[in-house]
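Reader: Could you walk me through this model, a helix and then a sheet?

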Amino acid sequence: MKYALIGCGRVSPNHIVAASKNKLEFVGLCDISKDAVYSLKERYPLIKNVPYYKDYRQMLEQEKPDLVAIATESGKHAAIAVDCINAGCNVIIEKPIALSIEDADKIIEAAEKMNVKVAANHQNRFNPSIQKIRSAVEAKRFGRIFHGTTQIRWSRTESYYNQATWRGTWEMDGGALMNQCIHNIDLLNWMLGEEPVEVIAMTDNLNHSYIEGEDIGLAIVRYKSGAYGVVEGTVNVFGGDMEEALCIFGENGTVKADGTINNIIENWRFADGLDDEDEVKAEFSAAVEHIYGKGHNPLYADMIKAIEENRPPYVDMYAGKCALELVLAIYKASAEGKSVKLPLKDVSTLDFKGRF
């Protein structure tokens, strides 16, 4: 299966390693920075002879890849994705899939028309800890789920934002919730039914005057099921990243995953007594080397099978839109100072330019 990567920045090594492990045929690397591409080529000899393109449209036309991964700045995801889809390519899109409801819908419409597969790169769904929690949700072991919480307590300093001028801007990124916290927001959605219907929220920029977006966001979400979600996201933690945690509270079960990226099961308690808490903690907790975790490889493996078997990918474009929509709803609720109902008609990060 012919594969190309568009965007050779910070997260690109995870895509290169996953593509290699899944035995994809590299046919193109694209980035507006030649230095970025050649830096990767020096780091990964397996791509040394892969053609470099500055224009992804030229690469699509000349190489005709079967699968393309998009890892550019967030504000360019949608336009590139639609072009790839219209060229007949299946696509993996780094989070978020877009920065507006309109653009997310354009991706979905194009993919449905062209009959290609689109995966949202929410790789933390593949964490062993998260898979274990999801299996309990699907088996209805919680009974009625009352509420879930997500806490993303990280640190991002000025040096991080200075690495790329697009970071923290409304046009190309958004703030902490859209960039750092959207993975865990996706997990909360997934566990509580992916149908948020109402949000109340507050966001602010308390410690990052050099970015346009928020550095803290707090929200309460009501889901169609009747369950509630609580979101706490910040990049203001002193001393480095603290944790990314997910808790689910039901009438018959209580679970907490935390660690760097929900990779450690801390609490596992169910009324049915089907498993031992200590055994579950030992078996389904796994160390990770960095915040990207180990989920890219299984996400790629699933995407390849989805293409071969003509089925939706495990993390599809609708899930990507759902996570995006909840972040935008939080932005809107905070900006308007009132509850916001979902689904949203048309909201974009650009609507909040000048907010702080």
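Author: Below come a few questions on one helix and one sheet.

This is a predicted model, where local features need pLDDT of at least 70, side-chain atom pairs count only at pLDDT 80 or more, and totals for chains, interfaces and linings use all residues. Residues are numbered from 1 along each chain as its sequence is written, and side-chain values use heavy atoms, with hydrogens and water left out.

Reader: Why are the buried residues of H3 on the same side?

Author: Helices (H or I, at least four residues) and strands (E, at least two) are DSSP runs numbered from the N terminus. In H3, residues 56–63, the buried ones (under 20% relative accessible area, 1.4 Å probe, protein chains only) are Tyr-56, Met-59, Leu-60 and Glu-63. They share a side because, by the directions from the helix axis to the C-beta atoms, they cover an arc of only 100°.

Reader: Which residues are exposed on the other side of H3?

Author: Exposed means over 50% relative accessible area. On that other side of H3, the exposed residues are Glu-61 and Gln-62.

Reader: Which residue caps the N-terminal end of H3?

Author: Look for a side-chain oxygen 2.8 Å from the backbone nitrogen of Arg-57. The residue that supplies this oxygen is Asp-55.

Reader: Now the open sheet: which are its edge strands?

Author: Eight strands line up as E13-E12-E11-E7-E10-E9-E8-E14, with mixed pairing. Two strands pair if DSSP finds at least two bridges between them. Pairing on one side only marks the edge strands, E13 (264–270) and E14 (340–341).

Conventions:
A polar contact is a pair of N or O atoms within 3.5 Å; within protein, one must be able to donate a hydrogen and the other to accept it, and residues adjacent in sequence count only if both atoms are side-chain atoms.
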